[in-house]
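Thanks for coming. I will go through one structure today, mostly its charged side chains, and then the sheet and one helix.

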Amino acid sequence: MKILINGIGGRMGAEVKKIVKEGYRGAELCAGVDVIVPEGADCPVYTSWSEVKEKPDCIVDFSHHSATKALLEYACEKNIPVVLATTGHDDVEKGYIKEAAKKIPLFHSANMSLGVALLCELAKTAVKTFPDADVEIIEKHHNRKIDAPSGTALLLAQSIQKIREKAVFTFGRQGQAKRMKDEIGIHAIRMGNIVGEHEVIIGTDTQTITLKHEAHSRSLFAEGAIAAADFIKDKSAGLYDMYSMIDDE
């Protein structure tokens, strides 16, 4: 399975490159794309999609959401599956994703961790069991992360919203007002070199349940991305996610 890494010069791009070089799931690195060619690159790295000569079996994207349009246009033109592991997409970019999925197999997840997928399911079960409980989400990341709240925190909130259809999201909290009954509080912390922590707190007047996932290494997400690439490389056009892969297994 030949992999092209979009954003190969970034932290996550480097993690994907590392495990591909180690032969994880039989993957091979054929090329990379980035706005700046990283020093010591030991594979062809291009700054523009028009320059790419190789034909990968899948593109793994850990770049920036603003690069989504160009990436998907290229992938659709060349009929190449894409694992989109970038977060922070706006509504227009989400539209590009939906349209591209009509033409190519496209795997899109706010978090490439199987553990986070499990956390979403556990949170849904807990909220269903305690329909009147207050729900708060706390996410922690390193001080270089740009988007807040994280895509994973939103994924958790949206998963819970499937159980609580009237739920509204409150980002942070300030001022003087009582907590709304259907509110889901979402809080972002940025400090140090935290890889990623996500905590869902479900509380009633008599008890509190805390569900937490903590990433110890960025290689966790790189492994998930390559597993996703292996999953979709022979799939038909469509939009796939972590749950698709879990159900398939």
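**Charged pairs, the sheet and one helix**

I start with a network: salt bridges link D134, E136, R173, R179 and E183. Before going on, a reminder that this is a predicted model. In total, the count of salt bridges comes to 17.

Let me take a few of the other pairs one by one. E139 and R190 meet through their side chains in a salt bridge, at 2.7 Å from N to O. This pair links distant parts of the chain, since E139 sits in strand β7 and R190 in strand β9, 51 residues apart. Is E139 buried or exposed? E139 has 0% relative accessibility, so it counts as buried. R190 has 25% and therefore counts as partly exposed.

Next, D132 and K181. Their closest N and O atoms are 4.0 Å apart, and the pair forms a salt bridge. D132 is in the loop between α4 (114-129) and β7 (134-141), while K181 is in the loop between β8 (168-171) and β9 (183-190), so the salt bridge ties together parts 49 residues apart in sequence. Here D132 counts as exposed because its relative accessibility is 65%. K181 is exposed too, with a relative accessible area of 61%.

The next pair is K102 with E99, a salt bridge whose closest N and O atoms are 3.0 Å apart. K102 is at 60% relative accessibility, so it counts as exposed. E99, with a relative accessible area of 44%, is partly exposed.

Now a charged residue without a partner. D61 is buried yet has no salt bridge. Which side chain of opposite charge is nearest to D61, and how far away is it? The answer is K145, at 13 Å. What the side chain of D61 does have is a polar contact with the side chain of T86, at 2.5 Å. Apart from its neighbours within four places in sequence, D61 is in contact with N6, L71, V83, L84, A85 and T86. As for where it sits, D61 belongs to strand β4, residues 58-61.

That brings me to the sheet. Strand β4 is one of 7 strands in an open sheet with parallel pairing, in the order β3-β2-β1-β4-β5-β6-β12. Which strands are at the edges? They are β3 (45-46) and β12 (238-240), each pairing on one side only. At the β3 end, strand β2 (residues 28-33) runs parallel to β3, and 2 bridges join them. G32 stands opposite V45 in β3.

Last, helix α3, residues 91-100. Its buried residues include E93, I97 and A100. These cover an arc of only 70° around the axis, so they are on the same side of α3. What covers the buried residues of α3? The cover includes α2 (68-78), β5 (82-84), β6 (105-108) and β12. Three of those names, β5, β6 and β12, also appear in the strand order of the open sheet. On the face of α3 turned away from its buried side are the exposed residues D91 and K98. At the start of the helix, a side-chain oxygen of D90 comes to within 3.1 Å of the backbone nitrogen of V92.

To leave you with two residues to compare: E139 is buried and has a salt bridge with R190, whereas D61 is buried and has none.

Note on methods. Residues numbered from 1 in each chain as written. Predicted model: local features only at pLDDT ≥ 70, side-chain atom pairs only at ≥ 80, totals over all residues. Heavy atoms only, no water. Helix = DSSP H or I, 4+ residues; strand = E, 2+ residues; numbered from the N terminus. Buried < 20%, exposed > 50% of the residue type's maximum accessible area, 1.4 Å probe, protein only. Lys, Arg positive; Asp, Glu negative; His and termini not counted. Polar contact = N/O pair within 3.5 Å; in protein donor to acceptor, adjacent residues only side chain to side chain. Contact = heavy atoms within 4.5 Å. Pairing = 2+ DSSP bridges. Arc of directions from axis to C-beta.
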